[in-house]
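Subject: Structure handover

Hello,

Here is the structure for you to take over. Please open it alongside this email.

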Amino acid sequence: MPNPHRTDVPDLSTVWLRVFLEVARHGSFTVASRALGWTQSAVSRQISSLEGALGGAPLFDRLPRGVRLTEAGRALVPHAEAVTGALHTAARELAALRELAGGRLRFGAFPTADAALVPHALGVFGSRHPGVRVSREEGLTPALLDRLVEGRLDLAVVSTTSGAPLSSYELRHLLDESLYVAVPAGHPLAGGGPVRLGRLAGADWISGSPRPEGTLLDAALRQGFRPRIAHVVGEWTAKQGYVAAGLGVALVPALAAESVRPDIALLPVLDEGAPARAVYAATVRGRSLPPAAEAFVGALREAAGRIPRTPATLA
């Protein structure tokens, strides 16, 4: 049964509304046709079509000289202005998105990416696109991937360290990281060259997890020993304090190598296996990437080029 309170939305052309407003503004079909660059008969046809779509009531009284809005025409003017104004606003906003003069960027990154990669990328991106609103979240790769799927992030800077499955995501490669081992400045190996982790098999280790699996210490497992984790410390600044105090050694990814304290020495790790970890900008496969996110991937790649690379294999 039809709903007696429902009014069907008329099937109108926005061109009709534009012509209607032009005629109403000038009070003349002739002047409106010149302003639009149309013939007068074309303008008249548009108005007739609009009147027909709205039930047939005339919108203008035709006078000997010009035209005048009828009551129906006066009632339509604010609605026509609202519709055309909304369309103009939509067009401007869409143009701003395309041209990166507006819009937003929502991204997340794992903690060590915030040491150098993300700040460099944000600096580049912000200088080029100051009109884009940027929001950032920090988290571990599995949590960031969940946020991506939920639609709360446009992209996430993630790594392969956690072992989180990445095959269902669109991955844009940023860099492959080599590793350093952090030792106290007075350590016998400090000041030396690259080392194999096996030389530190008997050392106490400081790690963010009590188990090496799924962490940077997977590199130790690849070299045939299970590291003795003496202290579980999650925050990188605190890890440095433990190393400096002589409480153990720790692995440091290249992304964090720029921010070490002066009483710590970094030794490049020789690893004949795969790179310690790969870093990607991840997005949800099949989901359109906003222009701002696409541009930020470019900024991340530029920033990745500034990260020091140390050979992680023997010559």
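Below are the notes on its sheets, helices and pockets.

Please keep in mind that this is a predicted model.

The five-stranded sheet

An open sheet of 5 strands runs in the order E4-E3-E5-E12-E6. Its pairing is mixed. Which strands stand at the edges? They are E4 (133-138) and E6 (169-177). Each has a single partner strand, so one side of each is left without a neighbour in the sheet. From one strand to the next, the twist averages 20 degrees.

Look at the E6 edge. Strand E6 pairs with E12 (residues 277-284) in the antiparallel sense, over 8 bridges. Within that pairing, Leu175 is opposite Val279 in E12.

Two helices pack on this sheet. Helix H6 touches E3 (104-109), E4, E5 (155-159), E6 and E12. The direction of H6 makes about 155 degrees with that of E5. Helix H9 (residues 291-304) touches E3, E5, E6 and E12. The direction of H9 makes about 15 degrees with that of E6.

The three-stranded sheet

Another open sheet has 3 strands, ordered E10-E7-E11. Here the pairing is antiparallel. E10 (250-253) and E11 (264-268) are the edge strands. Each of them has a single partner strand, so one side of each has no neighbour in the sheet. The twist averages 40 degrees from one strand to the next.

How many bridges join E7 to E10? There are 4, and E7 covers residues 179-184. Val181 stands opposite Leu251 in E10. Helix H8 (residues 236-244) lies across E7, E10 and E11. H8 runs at about 50 degrees to E7.

Helices H2 and H3

Helix H2 spans residues 29-36 and helix H3 spans residues 40-53. They pack at an angle of about 105 degrees, and their axes are 8 Å apart. The two helices are therefore roughly perpendicular to each other. On the H2 side, the contact is made by Phe29, Thr30, Ser33 and Leu36. H3 contributes Gln40, Val43, Ser44 and Ile47. By class, this contact has 4 nonpolar, 4 polar and no charged residues.

The largest pocket

The largest pocket has a volume of about 740 Å³. It is lined by 28 residues. Which of them are closest to its centre? They are Thr112, Leu140, Gly234, Lys239 and Arg277. Elements giving two or more residues to this lining are helix H6 (141-149), strand E8 (204-207), H8 and E10. Recall that H6 packs on the five-stranded sheet, while H8 lies across E7, E10 and E11. By class, the lining of the largest pocket divides into 13 nonpolar, 12 polar and 3 charged residues.

The second largest pocket

The volume of the second largest pocket is about 180 Å³. Its lining consists of Thr14, Val15, Arg18, Leu21, Glu22, Arg25, Thr84, Leu87 and His88. Two helices, H1 (14-26) and H4 (71-99), are the elements that give two or more residues to this lining. Which element gives the most? That is H1, with 6 residues. By class, the lining of the second largest pocket has 3 nonpolar, 3 polar and 3 charged residues.

Where to start

For a first look, try the pairing of E6 with E12. Then turn to H8, which lies across the three-stranded sheet and also gives residues to the lining of the largest pocket. Finish with H1 and its 6 residues in the lining of the second largest pocket.

Best wishes

Terms used
Residues are numbered from 1 along each chain as its sequence is written. This is a predicted model: local features need pLDDT of at least 70, side-chain atom pairs count only at pLDDT 80 or more; totals for chains, interfaces and linings use all residues. Side-chain values use heavy atoms; hydrogens and water are left out. Axes are lines fitted to C-alpha atoms, for helices over the stretch in contact, and angles run from 0 to 180 degrees between N-to-C directions. Angles under 35 degrees count as roughly parallel, over 145 as roughly antiparallel, 65 to 115 as roughly perpendicular and the rest as oblique. Contact means heavy atoms within 4.5 Å. Ala, Val, Leu, Ile, Met, Phe, Trp, Tyr, Cys and Pro count as nonpolar, Asp, Glu, Lys and Arg as charged, and the others, Gly among them, as polar. Two strands pair if DSSP finds at least two bridges between them. On a 1 Å grid over the protein atoms alone, a cavity is a set of points where a 1.4 Å probe fits but cannot get out, and a pocket is an open set with protein on both sides within 12 Å along at least five of seven lines; lining residues have an atom within 4 Å of a point. Grid points are joined across faces, edges and corners, and a volume is the space filled by probe spheres set on the points.
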